[in-house]
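Student: I would like to go through the labels given to this model and see what each one rests on.
Tutor: Then put the structure up, and ask about the labels in turn.

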Amino acid sequence: MSGCCVYGCTNRYSTGGLKFYRIPRGPRPFQSNRRRLWLQAIKRVDWNEDIIKNSRVCSAHFISGEASLDSSSPDFVPSVFMYTKQSQNPNAKMDRYHRKRRRADCVGLSCRLLHVLTPEHRWDI
Ligand SMILES: [Zn+2]
């Protein structure tokens, strides 16, 4: 990987003015806890050790532009993401999907049958 591993981020090592941080690692609980928080933040909880080793998070994802080792700092974990705004997209997609499904259900005879065969009317025909 030659750039930031955050989904939707196109920053590369060649992009000026950025720092790239390794995903936290180490045997201490402080380190593994921080790693877990980072992976959750970048939505990569399923990553394995090899990917993590080669991945970097750029400084654009930190409020101050720098990662912090202070657990009380908001920059302890990356929190600035491009996809925050787009997170409604999956829902919009789902809505479209449901609308399409309803339309598909209402094609021709099967639609009329479906409406007729509601529980109250089922036995009238
Ligand atoms: Zn980035």
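The exchange below takes some labels of this predicted model and sets them against their cut-offs.

Student: What order do the elements of the protein chain follow from the N terminus on?
Tutor: The order is β-α-α-β-α-α-α. The protein chain has 5 helices and 2 strands.

Student: Why is Pro24 called buried?
Tutor: Pro24 has 21 other C-beta atoms within 10 Å. The cut-off for a buried residue is 20 or more, so Pro24 is called buried. Pro24 lies in the loop between β1 (20–22) and α1 (29–41).

Student: What is Pro24 in contact with, leaving aside its neighbours within four places in sequence?
Tutor: Its contacts are Gln31, Arg34, Arg35 and Trp38. For Pro24 and Arg34, the C-alpha to C-alpha distance is 6.4 Å, at a separation of 10 residues in sequence.

Student: What makes Lys43 exposed?
Tutor: The count for Lys43 is 12 other C-beta atoms within 10 Å. A residue is exposed at 12 or fewer, therefore Lys43 falls in that class. Lys43 sits in the loop between α1 and α2 (49–54).

Student: What is notable about phi of Lys43?
Tutor: It is positive, near 60 degrees, in a residue other than glycine. Lys43 takes this value just after α1.

Student: How do you know that the span of α1 is close to the expected one?
Tutor: α1 has 13 residues, and the expected span is 1.5 Å times one less than that number, which gives 18 Å. From its first C-alpha to its last, α1 reaches 18 Å.

Student: Why does Leu39 count as partly exposed?
Tutor: Leu39 has 18 C-beta neighbours inside 10 Å. Buried needs 20 or more and exposed needs 12 or fewer; 18 lies in between, so Leu39 is partly exposed. Leu39 is in helix α1.

Student: Which residues does Leu39 touch, not counting those up to four places away in sequence?
Tutor: Leu39 touches Arg44, Val45 and Trp47. The C-alpha atoms of Leu39 and Val77 are separated by 9.2 Å, with their positions 38 residues apart along the chain.

Student: Why is Val80 placed in the partly exposed class?
Tutor: Val80 has 17 C-beta neighbours inside 10 Å, a count between the two cut-offs, so the class is partly exposed. Val80 is in the loop between β2 (56–58) and α3 (83–86). Not counting residues up to four places away in sequence, Val80 touches Ala60, His61, Phe62 and Ile63.

Student: What makes Cys5 partly exposed?
Tutor: Cys5 has 18 C-beta neighbours inside 10 Å; this is under the 20 needed for buried and over the limit of 12 for exposed, so Cys5 is partly exposed. Cys5 belongs to the segment before β1. Residues touched by Cys5, apart from those up to four places away in sequence, are Ile42, Ser55, Arg56 and Val57. The C-alpha atoms of Cys5 and Cys58 are 8.0 Å apart, although the two are 53 residues apart along the chain.

Student: Which residues make up the largest nonpolar core?
Tutor: It consists of Cys4, Val6, Cys9, Ile23, Trp38, Ile42, Val57, Cys58 and Val77, 9 residues in all. Cys9 touches Cys4 and Cys58, as well as Ala60 and Met82, with residues up to four places away in sequence not counted.

Student: How much of the protein chain is buried?
Tutor: Buried residues make up 13% of its 125 residues.

Student: Among contacts between residues at least 6 apart in sequence, how many join residues at least 24 apart?
Tutor: The share in the protein chain is 50%.

Technical notes
Residues are numbered from 1 along each chain as its sequence is written. This is a predicted model: local features need pLDDT of at least 70, side-chain atom pairs count only at pLDDT 80 or more; totals for chains, interfaces and linings use all residues. Helices (H or I, at least four residues) and strands (E, at least two) are DSSP runs, numbered from the N terminus. Two residues are in contact if their C-beta atoms, placed from the backbone, lie within 7 Å. A nonpolar core is a set of buried Ala, Val, Leu, Ile, Met, Phe, Trp, Tyr and Cys residues joined through C-beta atoms within 7 Å.
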